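Student: I should like to learn how to read charged pairs and domain interfaces in a protein structure. May we work through an example together?

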Amino acid sequence: MKSEREQKLIEQAYAEVEKYETLVNRDRYRLRYHLMPPVGLMNDPNGLIDWHGTYHVFYQWMPFRTGHGAKFWGHYTSPDLVHWQAAPIALAPSEWYDKDGCYSGSAISCDGKLVLFYTGNVKDEQGNRQTYQCMAVSEDGIHFTKKGVVITLPDGYTAHFRDPKVWRYQGHWYMILGAQSESGDGKAVLFRSADLCHWEHLGPIAGGNMNGLGPFGYMWECPDLFPLDGQDVLIVCPQGLKPDGMRYQNVYQSGYFVGRFDYERAEFLHGTFEELDRGFEFYAPQTMLDRNGRRILIGWMGVPDQNEDRQPTVSHRWVHALTLPRELRLTGGKLRQTPVEELKQLRKQKVAYPSATVVNELRSWPGLEGDAIELRLDNIELFGSMMEIYFRHAARLVYNSDEGVLTLERKSFVNGLTEKRQCRLPRLRSLHVFLDTSSIELFVNDGEETFTARFFPHPDDQTIFFGAHGHLQMDIEKWEL
Ligand code: FRU
């Protein structure tokens, strides 16, 4: 059951969807196979869960404008991670404890119910922030009833304390939260519960000045702790890291630590921080364990920077999207991300050029163009200093084999100038590319590195060109999606 106030806000949001439907859908940058908001702004994926045979993805949603504010939880469901259906709005910011936003959180299954945990964001008249960790419950996975506050702010932290991720381990529930300590350090904080309603504060498990990390950002958002391939992985989004060579180029970062989590001592011993994605738009990812035991990650294909409202889609009253679902594996102490198998269902006509060569030229092949396509380049052999791919004259991927550096360039949607993101890569063996009308996701060497970005080519330009200094050979496969 929803309160009258929540019901009213939900009706207002639907009115907004209806009002702008035509304008939104007229946008040629609307994506064809990614999750997007029906109107307004979408940010973090929330509440990822495979529940009773259905995948659920909730998301941070501002229906009333293309900016941030008092967020709702939008909701999509899917039988297969490929075909998605919009479900009724799950949460609206209606109560005293969440009136300025039902902020990010997670979902679990308990006693046959789907239970959500989220952060109630509250600002008083002076603009001071308060934060409450809240619970909502559903019998059918579609209609949610708020149960109110389960955790208030513990001592030692500022009100930047949010984004509960909950899981079960040996008879207890655990919750990890993103936090800022009173001394101004980003931290990941752990709670434990037997009944989901009463939570014991176990303290921080990682963050500034713990574990030999030194200062590491002033706030950590969206933590996620899970076992993978025999180790434990903590994903976090630190705010306040300074750019460092090719690293930390976006306004906020999203990355992970690999280590071992000791439940008895509530201690996490971990290695260094590694970025999850090298592209321009990637933030606040969340993972779930699915029916097949896979660890699946979905990220926000956006970042909260000052240029969000300069994205061309804003004139059509919507902004941002989610990434494709990616399967995570841990190999050699590094996370590897690959698009889930199921995405093969999207494949339509195929074109293949085995042993294709490019020799000191810029060229194309018939049938390799498109604006919603999957492209695989395998067995890449470069005898030369450089290879490049131009995507629709608006993005360019360059591999410099002398320096061992991979670069993604795009035309900035703010000023039209070229901007770039890079990573070190000793060898380029394969590329797996998903292009949608205004997005690109690159999986390098079977997911060793990924680059995620929005880009806004002329809608009629569907060209793809390949270039090399020297001799390049590769097997090319391409599908219309
Ligand atoms: C991350 C974030 C979360 C917060 C949410 C609000 O992008 O700032 O920390 O819960 O977005 O929409």
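**Reading salt bridges and an interface**

Tutor: Let us begin with one pair: K165 and D224 join their side chains in a salt bridge, with N and O 2.8 Å apart. Please bear in mind that this is a predicted model.

Student: What is the general idea behind such a pair?

Tutor: Side chains of opposite charge can pair when their charged atoms come close. In the present case, K165 belongs to strand β9 (residues 157–169) and D224 to strand β13 (residues 219–228), so the pair ties together parts that are 59 residues apart in sequence.

Student: Are K165 and D224 buried or exposed?

Tutor: Both K165 and D224 are buried. One may set beside them the salt bridge of R247 and D244, at 3.8 Å from N to O. Here R247 is partly exposed, because its relative accessibility is 30%, within the range from 20% to 50%. D244 is likewise partly exposed, at 43%.

Student: Which residues are joined into one network by salt bridges that share partners?

Tutor: That network consists of K2, E6, D98 and K146. Within it, E6 pairs with K2, their closest N and O atoms being 3.4 Å apart. E6 has a relative accessible area of 1%, so it counts as buried, the limit being under 20%.

Student: How many salt bridges are found in the whole structure?

Tutor: The search finds 32.

Student: How should I read the interface between two domains?

Tutor: One first identifies the parts, and then asks what lies between them. This chain is divided into domain 1 (4–339) and domain 2 (347–480), and their C-alpha centres are 30 Å apart. In contact across the interface are 35 residues of domain 1 and 37 residues of domain 2. The buried area between the domains is about 3300 Å², with 55% given by carbon and sulfur atoms. M246, R278 and F280 supply 25% of the area that domain 1 buries against domain 2, more than any other three residues.

Student: How many salt bridges cross the interface of domain 1 and domain 2?

Tutor: Six are found there. In addition, 29 residue pairs are in polar contact between the two domains. On the side of domain 1 that touches domain 2, strand β22 (residues 334–339) gives the most, with six residues. That side comprises 14 nonpolar, 11 polar and 10 charged residues.

Student: Which residue forms a salt bridge with R326?

Tutor: E441 does, with the closest N and O atoms 3.3 Å apart.

Technical notes: Residues numbered from 1 in each chain as written. Predicted model: local features only at pLDDT ≥ 70, side-chain atom pairs only at ≥ 80, totals over all residues. Heavy atoms only, no water. Domains from an automatic or database assignment. Contact = heavy atoms within 4.5 Å. Buried area = accessible area lost by both parts, 1.4 Å probe. Salt bridge = Lys/Arg side-chain N within 4 Å of Asp/Glu carboxyl O. Polar contact = N/O pair within 3.5 Å; in protein donor to acceptor, adjacent residues only side chain to side chain. Helix = DSSP H or I, 4+ residues; strand = E, 2+ residues; numbered from the N terminus. Nonpolar A, V, L, I, M, F, W, Y, C, P; charged D, E, K, R; others polar. Buried < 20%, exposed > 50% of the residue type's maximum accessible area, 1.4 Å probe, protein only.
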